[in-house]
Amino acid sequence: MSDRMNSFFQHEAELAWEPTEPGVSRKIMAYGEELMIVRVMFEAGAVGKPHQHPHRQACFVESGVFDVTIDGVTNTLRAGDTFFVPGNLVHGVVAREAGQLIDSFTPMRKEFL
């Protein structure tokens with residue numbers, strides 16, 4: 001298979017988890033200059049500390065229950081729910097139950113690579 005073909009496809013089982021914060025790990029699933037998809041795994045009680053970045057972020061709650069705070073507003077989200085963070089707003093999550101989020105960023109988060 002050519003290198004070009006290999007750059008199109010990623011297999012979840014072949015990607016390594018990278019610890020980011022206590023009880024939190026991520027996998028970079030796919031990316032290009034303008035878009036990145038990241039799977040983030042949280043243990044129960046783990047915190048994605050409040051932060052901000054210029055990237056726009058859309059997130060799908062794949063599993064678990066999360067308290068999500070965006071710009072001072074908190075909402076509890078469960079599997080199947082989504083949230084959107086405009087660039088530069090402070091946001092963070094607390095995992096009320098163990099779970100996974102699927103984050104997409106535009107443009108890509110170069111500092112993750």
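**Salt bridges, hairpins and pockets**

Okay, let me start with one contact: Glu-12 and Lys-27 are joined by a salt bridge between their side chains, at 2.7 Å from N to O. That pair ties together distant parts of the chain, since Glu-12 is in the loop between α1 and β1 while Lys-27 belongs to strand β2, 15 residues apart. Before I go on, keep in mind that this is a predicted model.

So how buried or exposed are the two partners, Glu-12 and Lys-27? Glu-12 has 33% relative accessibility, so it counts as partly exposed. Lys-27 comes out at 4%, and because buried means under 20%, Lys-27 is buried.

How many salt bridges does the count come to? The count is 6, and I'll talk about two others. Lys-110 pairs with Glu-33, with the closest N and O atoms 3.4 Å apart. Here again distant parts of the chain are linked: Lys-110 sits in the segment after β8, Glu-33 in the loop between β2 and β3, 77 residues apart. Both Lys-110 and Glu-33 are exposed.

Then there's Arg-96 with Asp-67, where the closest N and O atoms are 3.4 Å apart. This one goes from strand β8, which holds Arg-96, to strand β5 (residues 56-70), which holds Asp-67, and the two are 29 residues apart. Arg-96 has 48% relative accessibility, so it counts as partly exposed. Asp-67, at 22%, is also partly exposed.

Now the strands, going back to β2. Strand β1 (residues 18-21) and strand β2 (residues 24-32) run antiparallel, joined by 3 bridges. Glu-21 is opposite Val-24 in β2. The hairpin of β1 and β2 has 2 residues between the strands, and Gly-23 in that hairpin takes a positive phi near 80 degrees.

What about the other neighbour, strand β3 (residues 35-42)? β2 and β3 are paired in the antiparallel sense, over 8 bridges. Ser-25 stands opposite Met-41 in β3, and the hairpin from β2 to β3 goes through 2 residues.

On to the pockets, since you'll probably want to look at those on screen. The largest pocket holds about 380 Å³ of space. Its lining has 19 residues, and the ones nearest the centre are Glu-21, Gly-48, His-51, Asp-103 and Phe-112. So Glu-21 turns up again, after its place opposite Val-24.

Which elements give two or more residues to that lining? They are β1, β2, β3, β4 (47-51) and β8 (91-106). β8 gives the most, with 6 residues. By class, the lining of the largest pocket splits into 8 nonpolar, 6 polar and 5 charged residues.

The second largest pocket holds about 170 Å³ of space. Among its lining residues are Ser-7, Phe-8, Gln-10, Leu-15, Glu-18 and Tyr-31. Lys-27 lines this pocket too, and that's the lysine from the salt bridge with Glu-12 I opened with. α1 (3-8) and β2 each supply at least two residues of this lining, and β2 gives the most, with 6. The class split here is 7 nonpolar, 2 polar and 3 charged.

If you pull up the model afterwards, β2 is a handy place to begin: β2 pairs with β1, pairs with β3, carries Lys-27, and gives residues to the linings of the largest and second largest pockets. That's it from me.

Conventions: Residues are numbered from 1 along each chain as its sequence is written. This is a predicted model: local features need pLDDT of at least 70, side-chain atom pairs count only at pLDDT 80 or more; totals for chains, interfaces and linings use all residues. Side-chain values use heavy atoms; hydrogens and water are left out. Two strands pair if DSSP finds at least two bridges between them. Helices (H or I, at least four residues) and strands (E, at least two) are DSSP runs, numbered from the N terminus. On a 1 Å grid over the protein atoms alone, a cavity is a set of points where a 1.4 Å probe fits but cannot get out, and a pocket is an open set with protein on both sides within 12 Å along at least five of seven lines; lining residues have an atom within 4 Å of a point. Grid points are joined across faces, edges and corners, and a volume is the space filled by probe spheres set on the points. Ala, Val, Leu, Ile, Met, Phe, Trp, Tyr, Cys and Pro count as nonpolar, Asp, Glu, Lys and Arg as charged, and the others, Gly among them, as polar. A salt bridge is a side-chain nitrogen of Lys or Arg within 4 Å of a carboxyl oxygen of Asp or Glu. Buried means under 20% relative accessible area, exposed over 50%, partly exposed in between (1.4 Å probe, protein chains only).
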